[in-house]
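Thanks, everyone; I would like to take a few minutes to walk through the fold of one model, beginning with the helices and then turning to the sheet. Please have a look at it first.

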Amino acid sequence: MALKKAGRLPQAAVLKQILKRCSSLGRKQGMGGGEEEEGLPLDVPKGHFVVYVGEKRSRFIVPISFLTHPEFQTLLRAAEEEFGFHHDMGLTIPCEEVVFRSLTSMLS
């Protein structure tokens, strides 16, 4: 049984904030002329979000469905502990790129 730390948002609320900032869900539909809207890149397809992984902060676009996998949720908890979720850049995952690639290939 996990205890909720004081001052922390429920996981669902945190995930909603991440998705709004890092995914196509936060972008207004039907607008744009090749530019970023509200700081969100236009190359992120609907139903996906951006994460940055490894020392070089390699950029990955991953499906939102990954959020339901316990293995990916473990990475999200590690990201929250190390970096927090309150930054302008997309979500940063504290994981080696090769490990992240291996995990995402298993989840796909």
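When I quote an angle or a separation for two helices, the axes are lines fitted to C-alpha atoms over the stretch in contact, and the angle is taken between N-to-C directions, so that it runs from 0 to 180 degrees. Please also keep in mind that what you see is a predicted model.

With that convention, helix H2, residues 70-83, packs against helix H3, residues 97-107, at an angle of about 145°, and their axes are 10 Å apart. On the H2 side the contact is made by Glu71, Phe72 and Leu75, while H3 contributes Phe100, Leu103 and Leu107. Sorted by character, the residues of this contact comprise 5 nonpolar and 1 charged, with no polar residue among them.

Now to the sheet, which is open and consists of 3 strands in the order S2-S1-S3, with mixed pairing. Strand S2, residues 58-63, and strand S3, residues 91-93, are the edge strands, each of them pairing on one side only. Averaged over the sheet, and with direction ignored, neighbouring strands are turned by 40° against each other.

Which strand is joined to S2 by 6 bridges? That is strand S1, residues 48-53, and the two run antiparallel; within this pairing, His48 has Pro63 of S2 as its bridge partner.

Finally, how do the helices sit relative to the strands? H2 packs on the sheet and touches S1, S2 and S3, its direction making about 105° with that of S3, whereas H3 lies across S1, S2 and S3 and runs at about 15° to S2.

Notes: Residues numbered from 1 in each chain as written. Predicted model: local features only at pLDDT ≥ 70, side-chain atom pairs only at ≥ 80, totals over all residues. Heavy atoms only, no water. Helix = DSSP H or I, 4+ residues; strand = E, 2+ residues; numbered from the N terminus. Contact = heavy atoms within 4.5 Å. Nonpolar A, V, L, I, M, F, W, Y, C, P; charged D, E, K, R; others polar. Pairing = 2+ DSSP bridges.
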